[in-house]
Amino acid sequence: MGDEDEEERVGLLAGEAAFSRLRAGTRRLDDARRSALEAEEVGLSVLGELHGQREGIMRTKAHLHEANDHLGTSRRLLHSMGFRAQVDHLVLILLAFVLTIAVVVTIYAK
C-alpha cells in the first residue's frame, strides 16, 4: 500500500508539474499574442501616417509643378516685355534723330 501511495503521489506531482508548465506556456502564448496585436496596431498606425504623408507630398508636388508652369509663363512674359522695351527705346532714339535732322534742315533752310 505504501508503494501505491508513493506512486500515486509521484504521479500527482508529475501531473501538477505538467499543468504548471502548461499554464506557463499558455501565459507566454497570451503575452506573445498581445505583443503581436500591439505590433499590428503600431504597424497600422505607421501605415496611416505614411499614407497621409504621401498625400501631402503628392499635393506639394502638384503645387510645385503648377508654380513651375507659372514661372515659365512669367519668364516668357518678362522676356517679351524686355524685348518691347528695347524696341521702344530704339524707336525713341530714331524719332529723336529724325526730329534733330528735321530741326537742322529747318534751321538751314531759313
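The accessible surface of the protein chain comes to about 10,300 Å², and carbon and sulfur atoms account for 65% of that area. Keep in mind as you read that this is a predicted model. Of the chain's 110 residues, 4% count as buried.

The secondary structure is quick to describe: one helix and zero strands. Helix α1 covers residues 2-109, and the features described below can be followed along the chain from there.

**Salt bridges**

How many salt bridges does a search of the whole structure find? The search gives two. One joins the side chains of D30 and R33, with an N to O distance of 3.3 Å. The other links D31 with R34, whose closest N and O atoms are 3.0 Å apart.

The spacing along the helix is worth a look for each pair. D30 and R33 are separated by about one helical turn, because they stand three residues apart in helix α1. D31 and R34 also lie in helix α1, three residues apart, or about one turn of the helix.

Here is how open each of the four partners is:

| Residue | Relative accessible area | Class |
|---|---|---|
| D30 | 31% | partly exposed |
| R33 | 51% | exposed |
| D31 | 39% | partly exposed |
| R34 | 47% | partly exposed |

Why does R33 count as exposed? The cut-off for that class is over 50% relative accessible area, and R33 is exposed because its value is 51%. R34, at 47%, is therefore partly exposed. On the acidic side, D30 has a relative accessible area of 31% and is partly exposed, and D31 is partly exposed at 39%.

**A nonpolar patch**

Which residues make the nonpolar surface patch of about 470 Å²? The patch is formed by V42, L44, V46, L47 and L50. One of these residues, V46, has its place in helix α1. V46 counts as partly exposed because its relative accessibility is 39%. Residues in a patch need over 30% relative accessible area, so V46, at 39%, satisfies that requirement.

Note on methods
Residues numbered from 1 in each chain as written. Predicted model: local features only at pLDDT ≥ 70, side-chain atom pairs only at ≥ 80, totals over all residues. Heavy atoms only, no water. Patch = residues over 30% accessible without salt bridge, like charges linked within 9 Å, V, L, I, M, F, W, Y side chains within 5 Å. Areas by Shrake-Rupley, 256 points an atom, 1.4 Å probe, with all protein chains shown as cover. Salt bridge = Lys/Arg side-chain N within 4 Å of Asp/Glu carboxyl O. Helix = DSSP H or I, 4+ residues; strand = E, 2+ residues; numbered from the N terminus. Buried < 20%, exposed > 50% of the residue type's maximum accessible area, 1.4 Å probe, protein only.
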